[in-house]
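Visitor: Got a minute to walk me through this one? I'd like the main points in plain words.

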Amino acid sequence: QVRLVESGGGLVQAGGTLKLSCTVSGSFKSINAMGWYRQAPGKQRELVAGITSGGTTNYVDSVKGRFTISRDTAEKTVYLQMNNLSPEDTAAYYCNANVRGYTYSSRDYWGQGTQVAVSS
């Protein structure tokens, strides 16, 4: 079984910073890619940032220049550094890991979500 545990959410004022962490544990062969998604009330879940096993990153336009995704391969952890936060960033943030198992090549797993709230 694969488990993702997130941490780092909270309440900050506009312009503030937060850093989210997500650690993957369990039985699997390797991690193909990891990413952070968010879902605000009444909106669809969207990809915020992703990072491949090779280190290639991608971001939704609204966070470019403010958010940075990184990973510690040895620790099986992905981070999301969020700077200059705005109320529009308020959402539940979910970690995703696309994992290669011993009997499958690709499977998605999700964390439980961590809440980010930005006050104006």
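**Strands, core and rings**

Guide: Sure, starting with one pairing: phenylalanine 67 has methionine 82 in β8 as its bridge partner. Before we go on, this is a predicted model, where local features need pLDDT of at least 70 and side-chain atom pairs count only at pLDDT 80 or more, while totals for chains, interfaces and linings use all residues. Residues are numbered from 1 along each chain as its sequence is written, and side-chain values use heavy atoms, with hydrogens and water left out.

Visitor: OK, how many bridges are there between β7 and β8?

Guide: Six, in the antiparallel sense, with β8 covering residues 77-82. Strands here are DSSP runs of E, at least two residues long, numbered from the N terminus, and two strands pair if DSSP finds at least two bridges between them.

Visitor: Which sheet order do the four strands follow?

Guide: The order is β1-β3-β8-β7, an open sheet with antiparallel pairing. β1 (2-7) and β7 (67-72) are at the edges with a single partner strand each, so one side of each has no neighbour in the sheet.

Visitor: And what about β9 and β10?

Guide: β9 (residues 91-100) and β10 (residues 107-110) run antiparallel and are joined by four bridges. Valine 99 has arginine 107 in β10 as its bridge partner, and a hairpin of six residues connects β9 to β10.

Visitor: Switching topic: which residues have the most contacts inside the largest nonpolar core?

Guide: Met34, Trp36, Leu80, Met82 and Tyr93, in a core of 31 residues. A nonpolar core means buried (under 20% relative accessible area, 1.4 Å probe, protein chains only) Ala, Val, Leu, Ile, Met, Phe, Trp, Tyr and Cys residues joined through side-chain atoms within 4.5 Å. β9 gives the most to this core, with five residues.

Visitor: Any aromatic pairs, and where?

Guide: The search of the whole structure finds one. Tyrosine 37 and tryptophan 110 have ring centres 4.9 Å apart and planes at 65 degrees, so the pair is edge-to-face. For Phe, Tyr and Trp (its six-membered ring), centres must lie within 6.5 Å; planes under 30 degrees apart are stacked, over 60 edge-to-face, and the rest tilted. Tyrosine 37 is in β4 and tryptophan 110 in β10, 73 residues apart.

Visitor: Which charged end sits over the ring of tyrosine 104?

Guide: Arginine 107's, 3.8 Å from the ring centre. Likewise, the charged end of lysine 19 sits over the ring of tyrosine 79, at 4.7 Å from its centre. That takes NZ of Lys or CZ of Arg within 6 Å of the ring centre and within 35 degrees of the ring normal.

Methods. Buried < 20%, exposed > 50% of the residue type's maximum accessible area, 1.4 Å probe, protein only.
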